[in-house]
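Please look at the model shown here, and follow how one pair of helices is packed before turning to one of the pockets.

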Amino acid sequence: MSDLNQVLMSVFSWIYKWGLTALLLIGLPFLFMEGPLSRDEALDRALWDLGHILYFALAIAALRSRLDMRTWPHWLAISLAVFIISIMLEYLRYDVGHQQDWSDIERNLIGAWLGIFWLNRGTPQIWTGRFIASGLFAHQLSVVILAALTLYRLDAQLPRLGSFENDYELGWWQGPVSLSEERAWQGRRSLAVELEPDEYHSARMVTPPRDWSAYNRLSMAIYNPKLTPLTLTVRIDDHNSLDSNVAFGQRFNESFIVEFGWNLVQIPLHPPEDYNGEQLINLSDIARLEIFAVDMIQPRRIHLDQLRLE
């Protein structure tokens, strides 16, 4: 029986040593990659970021037998080595055409610290390190969970993009926006947008569903509390037109006038081609929805409600 145990332990040790090494070699190119893993850009980015933590935790586990990790000078030396390697990796990413993300250095260190402290025998110092590393990892994991939850909520309410009855919907928008019970087309609340004349202010939905190809128009209710009509513009970007180098005429922009009171606005999603004969927008790759006004004389406030695809 003891001989069998020795054989099993030898096999397990061999698999542990060379299996982790193989995983690290296979996973190395993924540190330089980015791309769709799901139907949501924010979730894709969060998953790729989490991969850095897992990779460096596995790296510490694979090197465990070769590293002295018993005292804080060893932890500091390993952390410094990971920091230097991470800087080198970011410059290599830039050389192969990817944008540098210095937050990856933090994630690489979190992975290394998880490996250092959870593979060591528990002492008061080790448990302090475990608590800190696990807390940092939990924060990174919460980003993935939040992105997945946002995707689930968006999918659950399609074709509606916003009723603004739920507090979490405000997190999908950027700009001078707030949830308001002052006006509502339907329900209790709407999205209030404050527009200033001297600055470019807009309401931006930065987490829209990616694929709009099954729909023909965008519908929304907008309330103008002033007697003076207001010209608004809706801009819809795919991931290509987010580039600042894309000319204005090659972007999807639709302007319209809102009169006093509630206005039901419907925008066709299949616009004419641009001057190069190409479609202005890829409806299967939507990245952002924006509503803004220009050439205003005084501050204006509008209310947006029941934003939906049809």
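## How α4 and α5 cross

In this predicted model, the axes of helix α4, which covers residues 103-118, and of α5 come within 9 Å and cross at roughly 140°. Angles over 145 degrees count as roughly antiparallel, and the crossing angle falls outside the ranges for parallel, antiparallel and perpendicular pairs, so α4 and α5 are described as oblique to each other. The crossing in which α4 passes α5 is left-handed.

## Residues where the two helices meet

On the side of α4, the residues that take part in the contact are Glu106, Arg107, Ile110, Trp113, Leu114, Phe117 and Trp118, and they meet Ile126, Trp127, Gly129, Arg130, Ala133, Ser134, Leu136, Phe137 and Gln140 of α5. When the residues of this contact between α4 and α5 are sorted by character, 10 are nonpolar, three are polar and three are charged.

## The second largest pocket

The second largest pocket of the model has a volume of about 340 Å³. It is lined by 17 residues, and those closest to its centre are Ala42, Val143, Leu146, Ala147 and Thr150. Two elements, α2 (41-62) and α5 (124-157), each give two or more residues to the lining of this pocket.

Helix α5, already met in the crossing with α4, also gives the most to the lining of the second largest pocket, with seven residues. By character, the lining of this pocket divides into seven nonpolar, five polar and five charged residues.

How values were computed. Residues are numbered from 1 along each chain as its sequence is written. This is a predicted model: local features need pLDDT of at least 70, side-chain atom pairs count only at pLDDT 80 or more; totals for chains, interfaces and linings use all residues. Side-chain values use heavy atoms; hydrogens and water are left out. On a 1 Å grid over the protein atoms alone, a cavity is a set of points where a 1.4 Å probe fits but cannot get out, and a pocket is an open set with protein on both sides within 12 Å along at least five of seven lines; lining residues have an atom within 4 Å of a point. Grid points are joined across faces, edges and corners, and a volume is the space filled by probe spheres set on the points. Helices (H or I, at least four residues) and strands (E, at least two) are DSSP runs, numbered from the N terminus. Ala, Val, Leu, Ile, Met, Phe, Trp, Tyr, Cys and Pro count as nonpolar, Asp, Glu, Lys and Arg as charged, and the others, Gly among them, as polar. Axes are lines fitted to C-alpha atoms, for helices over the stretch in contact, and angles run from 0 to 180 degrees between N-to-C directions. Angles under 35 degrees count as roughly parallel, over 145 as roughly antiparallel, 65 to 115 as roughly perpendicular and the rest as oblique. A crossing is left-handed if the near helix is turned anticlockwise from the far one by less than a right angle, and right-handed if clockwise. Contact means heavy atoms within 4.5 Å.
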